[in-house]
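Colleague: Hi! Could you walk me through this model before I start setting things up?

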Amino acid sequence: MKLVTTIAVLRQELGRCRKKGRRIGFVPTMGFLHEGHLSLVRQAHKDNDVVVVSIFVNPIQFGPKEDFKMYPRDLKRDTGLLRGCADFVFVPPARELYPDDFCTFVEVRGLSGEYCGRTRPGHFTGVATVVAKLLNSVAPDTAYFGQKDAQQAAVIRKMVGDLNIPVNIKVMPTVREPDGLAMSSRNTYLSPKERQEAVVLFQALKSAEHAVGTGLCDTQKIRGMLEDFIAHTPSARIDYIELVDRKTFERVKTIDRDALLLLAVYIGKTRLIDNTLLRAGRRQ
Ligand code: AMP
């Protein structure tokens, strides 16, 4: 496994691999790796000959009052976890991706301003910009993303389509803790009490799945039910609950086709997101 810090060296190394006809899989991350990230890396390892993982806490996707400075970082631990399943770990310094005169941004209009984009203005432009730069630098055959960040995956799919970037996008299922909490580097912010209460997101998703399974399909009613459910958890404050078409991400009024239930909930000061697919017409 090689640690690379510049785009020039990365291109050189991967150019050699490509010449030998090797397939390249790429997993972009912000580090502080957990099983969720590693599931993507393992899939990339299965599907490809060469696996590249990037670790970069992307400053431009954080708002001025967000957690860029305190975001957990542990490169030594991360590289230890990647040994054996990644071939290249790309760890660029911020200057490598954003020199002083950097002034080009990728904006996926519409979707970027909705849901998480309302609470985090500019976030998805930061994400799309860095992912475009990374895809340009790595030029992988396939890039891997997690369903946990469903809107992010949708923004990236749209960007890749609109900009004709020649890459397959593969979205992998959410990996969860034994109690159902979606794994996230941000879970480390939770106090022991908050950690226990954070399971409310998963439980809310499950209760919605159950309600839809028993015939409830009015999304306003589902939202009301979830608001009541989450209100019982003292540390929880809802940011948004949205039910959207799984492909277009447009809001839906009834579950007459498969829909995504998107949740963003503050547990104390930590904002957590999760989602599940609600299947239409499947009575339990
Ligand atoms: P991050 O380091 O948070 O930017 O995440 C890097 C990639 O890992 C993104 O594609 C995430 O969607 C994915 N990811 C994060 N958490 C999970 C999880 N619990 N299960 C599956 N994928 C995840």
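Modeller: Happy to; we can go through the sheet, some helices and a few single residues. Keep in mind that this is a predicted model.

Colleague: Sure. What is the strand order in the open sheet of six strands?

Modeller: The order is β1-β4-β3-β2-β5-β6, and the pairing is parallel. The edge strands are β1 (2–4) and β6, each pairing on one side only. On average, neighbouring strands of this sheet are turned by 25° against each other, direction ignored.

Colleague: Let's zoom in on β5. Is that strand mostly covered or mostly open?

Modeller: Mostly covered: β5 spans residues 142–146, and four of its five residues are buried.

Colleague: And how many bridges does β5 make with β2 and with β6?

Modeller: With β2 (residues 24–29) there are two bridges, in the parallel sense. With β6 (residues 168–172) there are five, also in the parallel sense.

Colleague: Which residues stand opposite Ala 143?

Modeller: On the β2 pairing, Phe 26 stands opposite Ala 143. In β6, the residue opposite Ala 143 is Ile 169.

Colleague: Nice. What links up with β5 and β6 to make a β-α-β unit?

Modeller: That's helix α7, residues 150–162; together β5, α7 and β6 make a right-handed β-α-β unit.

Colleague: Over to β3 and β4, then. How many bridges join them?

Modeller: Three bridges join β3 (residues 50–55) to β4 (residues 88–90), and the two strands run parallel. Within that pair, Val 52 stands opposite Phe 88.

Colleague: Which strands does α6 touch?

Modeller: α6 packs on the sheet and touches β2, β3, β4 and β5, with its direction making about 150° with that of β2. Helix α1 (residues 7–19) lies across β1, β2, β3 and β4, and runs at about 155° to β4.

Colleague: Changing topic: how do α9 and α10 pack?

Modeller: α9 (residues 200–213) and α10 (residues 219–231) pack at an angle of about 145°, with their axes 10 Å apart. Their crossing is right-handed.

Colleague: What kinds of residues make up the contact of α9 with α10?

Modeller: They divide into ten nonpolar, two polar and no charged. On the α9 side they include Val 200, Gln 203 and Ser 207, and on the α10 side Met 225 and Phe 229 are among them.

Colleague: I'd like to check Asp 78 as well. Is it buried or exposed?

Modeller: Asp 78 counts as buried because its relative accessible area is 1%, under the 20% limit. Its place is in helix α3, residues 75–82.

Colleague: What does Asp 78 touch?

Modeller: Leaving out residues up to four places away in sequence, Asp 78 touches Gly 31, Phe 32, Leu 33 and Ile 55.

Colleague: Last thing, backbone angles. What is the phi of Ala 139?

Modeller: Ala 139 has a positive phi of about 50° although it is not a glycine. Most residues other than glycine have a negative phi. Ala 139 is found in the loop between α6 (123–138) and β5.

Colleague: And what about the phi of Phe 249?

Modeller: Phi of Phe 249 is near 65°, again a positive value in a residue other than glycine. Phe 249 lies in the loop between β7 (236–245) and β8 (259–267).

Colleague: Which of the categories, buried, partly exposed or exposed, fits Ala 139, and which fits Phe 249?

Modeller: Ala 139 is partly exposed, with a relative accessible area of 37%, whereas Phe 249 counts as buried at 6% relative accessibility.

Notes: Residues are numbered from 1 along each chain as its sequence is written. This is a predicted model: local features need pLDDT of at least 70, side-chain atom pairs count only at pLDDT 80 or more; totals for chains, interfaces and linings use all residues. Side-chain values use heavy atoms; hydrogens and water are left out. Buried means under 20% relative accessible area, exposed over 50%, partly exposed in between (1.4 Å probe, protein chains only). Two strands pair if DSSP finds at least two bridges between them. A crossover is right-handed if, with the strands pointing away from the viewer, the path from the first strand over the helix to the second runs clockwise. Contact means heavy atoms within 4.5 Å. Axes are lines fitted to C-alpha atoms, for helices over the stretch in contact, and angles run from 0 to 180 degrees between N-to-C directions. A crossing is left-handed if the near helix is turned anticlockwise from the far one by less than a right angle, and right-handed if clockwise. Ala, Val, Leu, Ile, Met, Phe, Trp, Tyr, Cys and Pro count as nonpolar, Asp, Glu, Lys and Arg as charged, and the others, Gly among them, as polar.
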